[in-house]
Amino acid sequence: DTDRERDRDRDRDRGKDRDRGRVGDRGDRDRDRDRQRDRDGLRNGDDDNKGRPAEGRKVTKAEGGSRMSDLLRDKEEVFEYGKPDEEGKVDGKTVVAKKEEPNFEQSGLLAKATNTVGGVELKFTEPPDSRKPNRNWRLYPFKGQEALDLLHIHRQSAYLIGRDREVVDIAVDHPSCSKQHAVIQFRLKMWETDTGESKSDVRPYIMDLNSTNGVFLNGEKIEPARYYELLEQDVLKFGFSTREFVVMVAAK
């Protein structure tokens, strides 16, 4: 009896071992199946995300460089002078307008800002040879036979003539005259005599500042924006005004 009980216990233990073996095999098969499923998922992810890294996958340096080259080829930038067209395309490629280069040339804005009187921009700029006269030049105004007040024009290098009393030096109120009608500019004149001797003197010049109705020198209309030298006893008229201005210089 004791031997039979011992045999039954051994058979029972062998059965338990077989059951544990089946359970272990089943667990191994389940783990293998999960590993295979994970591998299939990664493989499918690579196909779906071709051209970009799948989540959790490290991108090699070679793949990154190749992908960057592809992106640059897909979007090639074309640099051209000027503005792009409305669609921003040239021959089917994206256009990026070339940035404007720095310009260090003189803009003239400083000269414009300094060539103002009371906020009004003057229509002329004094030339480099501008000088204050060294003789007592004068203008004698006449209205018909009536002599008007004498005008001294030797105290500065230029005299602006016109209707705008805010900026002019010599006012002419006739409606045919412009706000900035003309300018008398004193300039240094240099010449040589017949004997080769060098001479210089500061002389007055008249210039029409593109006025509407012109400047008349000794009865003849002068061209605008051009200097004309004035001599003693020359007569100036502005627009349709009947007032005359006789140029004179005081004796030394």
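**Exercise 1. In which sense do strand β16 and β17 pair, and over how many bridges?**

Solution. The model is a predicted one.
Step 1: locate strand β16, which covers residues 235–238.
Step 2: read the pairing with β17, which is antiparallel and runs over two bridges.
Step 3: take one bridge as an example; V235 has V246 in β17 as its partner.
Step 4: inspect the hairpin of β16 and β17, where four residues lie between the strands and G239 takes a positive phi near 60°.

**Exercise 2. Find the strand that seven bridges join to β17, and give the sense of the pairing.**

Solution.
Step 1: β17 spans residues 243–249, and the strand joined to β17 by seven bridges is β6, residues 137–143.
Step 2: β6 and β17 run antiparallel.
Step 3: as a check on the register, the bridge partner of F142 is E244 in β17.

**Exercise 3. Write down the strand order of the five-strand open sheet and name the edge strands.**

Solution.
Step 1: the order is β10-β9-β11-β12-β15, with mixed pairing.
Step 2: β10 (170–171) and β15 (228–229) each pair on one side only, and these are the edge strands.
Step 3: within this order, β11 (residues 182–192) and β12 (residues 198–208) pair in the antiparallel sense over 11 bridges. A182 stands opposite D208 in β12.

**Exercise 4. Is S176 buried or exposed, and what does this residue touch?**

Solution.
Step 1: place S176 in the loop between β10 and β11.
Step 2: the relative accessible area of S176 is 9%; buried means under 20%, so S176 is buried.
Step 3: the S176 side chain makes a polar contact with the side chain of H174, at 2.7 Å.
Step 4: leaving aside residues up to four places away in sequence, S176 touches H181, N213, G239, F240 and S241. G239 is also the residue with positive phi in the hairpin of β16 and β17.

**Exercise 5. Classify the ring pair Y205 and Y227, and describe where R187 lies.**

Solution.
Step 1: two descriptors are needed, the distance of the centres and the angle of the planes.
Step 2: for Y205 and Y227 the centres are 6.3 Å apart and the planes stand at 80°; an angle over 60 counts as edge-to-face, so that is the class of this pair.
Step 3: Y205 belongs to strand β12 and Y227 to the loop between β14 (220–221) and β15, and the two are 22 residues apart.
Step 4: Y205 is buried at 12% relative accessible area, whereas Y227 is partly exposed at 22%.
Step 5: R187 lies over the face of Y205, 5.3 Å from the ring centre, and over the face of Y227, 4.6 Å from the ring centre.

Methods
Residues are numbered from 1 along each chain as its sequence is written. This is a predicted model: local features need pLDDT of at least 70, side-chain atom pairs count only at pLDDT 80 or more; totals for chains, interfaces and linings use all residues. Side-chain values use heavy atoms; hydrogens and water are left out. Two strands pair if DSSP finds at least two bridges between them. Buried means under 20% relative accessible area, exposed over 50%, partly exposed in between (1.4 Å probe, protein chains only). A polar contact is a pair of N or O atoms within 3.5 Å; within protein, one must be able to donate a hydrogen and the other to accept it, and residues adjacent in sequence count only if both atoms are side-chain atoms. Contact means heavy atoms within 4.5 Å. Rings of Phe, Tyr and Trp (its six-membered ring) pair if their centres lie within 6.5 Å; planes under 30 degrees apart count as stacked, over 60 as edge-to-face and the rest as tilted. A charge sits over a ring if NZ of Lys or CZ of Arg is within 6 Å of the ring centre and within 35 degrees of the ring normal.
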